[in-house]
Amino acid sequence: MAAHTALVLGSGGVTAAAWQAGMIAGMADLGLDLDAERVIGTSCGALVAARLTAGCDPQDCAEMLAAPLAWLRPIPWTAPLRRAFVQLHPSHRHAVQAVGRSAIRDWTPQWQAVRIEQLAADLVGVPWPTSLVIVATNAVTGRPAYFTAREPIDVATAVAASWAVAGTLPAVRVGSEWYLDGALRSPLNADVASGAASVIMLAPLGRAGDVAGCVRRQAQGLRSGSSVVRLIRPDRASRVAMALEADLGRGVGATMAAGRNQGQCYG
């Protein structure tokens, strides 16, 4: 059965996670009901989605994420090049498999344990939220993977898998399978919300180029299916804060504050 409401949280790295958390807090300040029946998280958006669906109060989510996000490294300049390689390759699946082989070679159990500890140590072992969908990419087959309550894995491990940035981080191992960044399929994966009557899409990444085009096409696809879609991108103040803090590589306070201010003006 399709969800009546869906919240879609996208990729973009540390500052993108900070903006989304701030935006959600600001919307909650307005009294907006963010208790969606389906919450879809990709890459850094998976962390925010997992926090929200695991019971984190929307107004407190930004503060709870500030410390762990401040310790994470921003995406290096090489990551967009690797993403472009995957997007422009004649065979998307074969390109992902090529990236995946390198990411699997770089994996160690120690790295994975540290990564999970950094991202979401308190989410280890929590019951899988019924509304949560986390999108990753199978590093061996090149196909998308959807972690849900139907076939749940550990929530914190799923977050780490979805945020295993191709060309930057090793793959994440789950049993005998290997996973990479869900953004290799799409920066937002909003089409997973197909059938929902109302969809809010938070799209932290740029307004131009292939990424923006993919987001627009998915929004149009949802609208053609009769969904009411609200596509929200960072405003000017948020974009400036995100750019400055990404360049500095430390702290996300200004981005969260800008996102919260934008959220308080929503609607």
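In this predicted model, helix 1 passes helix 10 in a right-handed crossing. Helix 1 spans residues 14–29, and helix 10 spans residues 253–264. Two packed helices are described by the angle between their axes and the distance between the axes. Here the angle is about 35°, and the axes lie 6 Å apart. On the side of helix 1, the contact is made by Thr-15, Ala-18, Trp-19, Gly-22, Met-23, Ala-25, Gly-26, Met-27 and Asp-29. Helix 10 contributes Thr-255, Met-256, Gly-259, Arg-260, Gln-262, Gly-263 and Gln-264. By residue class, this contact comprises six nonpolar, eight polar and two charged residues.

Helix 3 also has a residue that reaches both of these helices. Ala-62 belongs to helix 3, which covers residues 58–71. Its contacts include Ala-21, Gly-22 and Met-256, leaving aside residues up to four places away in sequence. Gly-22 and Met-256 also take part in the contact of helix 1 with helix 10. From Ala-62 to Gly-26 the C-alpha distance is 9.6 Å, with their positions 36 residues apart in sequence. Ala-62 has a relative accessible area of 4%, and therefore counts as buried.

Burial is also the rule in helix 2, residues 44–53. There, 10 of the 10 residues are buried, so the helix is largely enclosed by the rest of the structure. Among them are the charged residue Arg-51 and the polar residue Thr-53. Cys-44, Leu-47, Val-48 and Leu-52 are buried too. Helix 2 is followed by Gly-55, whose phi is positive, near 115°.

Ser-162 touches one residue of helix 2, Ala-46. Ser-162 itself lies in helix 7, residues 155–162. Its relative accessibility is 0%, so Ser-162 is buried. Residues up to four places away in sequence aside, Ser-162 also touches Gly-41, Thr-42 and Ser-43. Further contacts of Ser-162 are Ile-134, Val-135 and Ala-136, as well as Leu-180, Asp-181 and Gly-182.

Two aromatic pairs occur in the structure. A pair of aromatic rings is described by the distance of the centres and the angle of the planes. The rings of Trp-107 and Trp-178 have centres 5.1 Å apart and planes at 85°, so this pair is edge-to-face. Trp-107 sits in the loop between helix 5 (92–105) and helix 6 (109–120). Trp-178 is in strand 6, residues 177–180. The pair thus links distant parts of the chain, 71 residues apart. Both Trp-107 and Trp-178 are buried.

Phe-147 and Tyr-179 form an edge-to-face pair as well, at 5.1 Å between centres and 80° between planes. Phe-147 belongs to strand 4 (residues 144–147) and Tyr-179 to strand 6, so the pair ties together parts that are 32 residues apart in sequence. Strand 6 thus holds Trp-178 and Tyr-179. The relative accessible area is 5% for Phe-147, which is buried. For Tyr-179 the value is 10%, and this residue is buried too.

Arginine side chains also lie over aromatic rings. Arg-173 lies over the face of Trp-107, at 5.7 Å from the ring centre. Trp-107 therefore has Arg-173 over its face in addition to its edge-to-face partner Trp-178. The charged end of Arg-115 sits over the ring of Trp-163, 5.3 Å from the centre of that ring.

Key: Residues numbered from 1 in each chain as written. Predicted model: local features only at pLDDT ≥ 70, side-chain atom pairs only at ≥ 80, totals over all residues. Heavy atoms only, no water. Axes fitted to C-alpha atoms, helices over the stretch in contact; angles between N-to-C directions. Helix = DSSP H or I, 4+ residues; strand = E, 2+ residues; numbered from the N terminus. Left-handed = near helix turned anticlockwise from the far one by under 90°. Contact = heavy atoms within 4.5 Å. Buried < 20%, exposed > 50% of the residue type's maximum accessible area, 1.4 Å probe, protein only. Phe/Tyr/Trp six-rings, centres within 6.5 Å; stacked < 30°, edge-to-face > 60°. Lys NZ or Arg CZ within 6 Å of the ring centre and 35° of its normal.
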